[in-house]
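Open the model in a viewer and keep the selection panel at hand. The tour below goes stop by stop, saying what to select and what is there.

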Amino acid sequence: MGIILGLASRLYQMGLLKVPGMFDKIKTIPWYYKSLIPMLLVIPIGLFLPVTLGSGSRVILNISHVMPSLTFLLILLVVRFVFAMISYGAGVAGGFFMPILAVGALIGAIVGNVLYSAHLLDFSFVNNLIIFSMAAYFAGISKAPFTAIMLITELVGSMRNFMPLAFVVLVAYLVVDLTNGAPIYESLAERLATFKQLPIFKGRNEQIQIPVYAQSLVEDQQVRRIEWPKDSILATIRRGSHEIVPSGDTLIIAGDLLIFTVFSDNSGKIRTKLIALTQLLTENG
């Protein structure tokens, strides 16, 4: 269960960081109208699955008292996970803490349901798995295992399950660490700080992807030490299969793919200047 929660935590981290970029690619809808997407989607959800609305506390309380069917639990999990991604991508996130605990509780309930159906676990222990899952899922996403352990222990009001809870939390944390997961709050804060530096562009923006060549002007340089073209901002560095939200201290290396947000009207001139910075020094003259 710790491995499952670790992988689910990493998937949640990746989703939160990638979905806003997917929404940015929707050019037919102005950014200030994209919040209508989750607003319209919540109508059928509210009609057919009202229990999923809100922070998630109702979901946690309901599944801890009455165990729904495995199919219904899977539907709840998919709806809450996907809708959280859509809401954040559209810029109308409804918080992280309780939604994270709700998804964690659903994962624990699903694991408990499967084990109970296979006669591998007594029904009285399913609630324990729900508690462990909330703590481990939160720990994996936030990469704050001791905070998660103490927080959930305080919420439950008992130290009786402290050791198994801590064990599941640490396994989930280790899985996220091995898959190169970063604390989601820090990643989102860095992304927010990056976009706060964006100039106020009047008109449309677009993304430009520029590869970094060996022996170029930017190779082995910190982001803060490079004089980037006006009306451009380095939003993401793609390094192999990983995406890095750059800070001033981030070191650029050969092989990186730099992703810029630029003012559309000047994109041609900006691209030329960026290529001059990232191509071979011999080609730069």
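In what follows, contact means heavy atoms within 4.5 Å. The model is predicted.

**The sheet.** Start with strand 1 (205-211) and strand 4 (242-244), the edge strands, each of which pairs on one side only. Then add the strands between them: the open sheet has four strands in the order 1-6-3-4, and the pairing is antiparallel. Strands of a sheet pair through backbone hydrogen bonds, either parallel or antiparallel. On average, neighbouring strands of this sheet are turned by 25° against each other, direction ignored.

**One edge of the sheet.** Select residues 232-239, which form strand 3, together with strand 4; the two pair in the antiparallel sense over three bridges. Which residue of strand 4 stands opposite R238? Label E243 to see the partner of R238.

**A helix across the sheet.** Next select residues 267-278, helix 10. Helix 10 lies across strand 1, strand 3 and strand 6 (257-263), and runs at about 20° to strand 1.

**A pair of helices.** Now move to residues 57-65, helix 3, and residues 126-142, helix 6. Their axes are 9 Å apart, and the packing angle is about 155°. Angles over 145 degrees count as roughly antiparallel, so helix 3 and helix 6 are roughly antiparallel to each other. The crossing of helix 3 past helix 6 is right-handed.

To see the contact, show the side chains of I60, I63 and S64 in helix 3, which meet N127, I130 and M134 in helix 6. Of the residues in this contact, four are nonpolar, two are polar and none is charged.

Notes
Residues numbered from 1 in each chain as written. Predicted model: local features only at pLDDT ≥ 70, side-chain atom pairs only at ≥ 80, totals over all residues. Heavy atoms only, no water. Pairing = 2+ DSSP bridges. Axes fitted to C-alpha atoms, helices over the stretch in contact; angles between N-to-C directions. Parallel < 35°, antiparallel > 145°, perpendicular 65-115°, else oblique. Left-handed = near helix turned anticlockwise from the far one by under 90°. Nonpolar A, V, L, I, M, F, W, Y, C, P; charged D, E, K, R; others polar.
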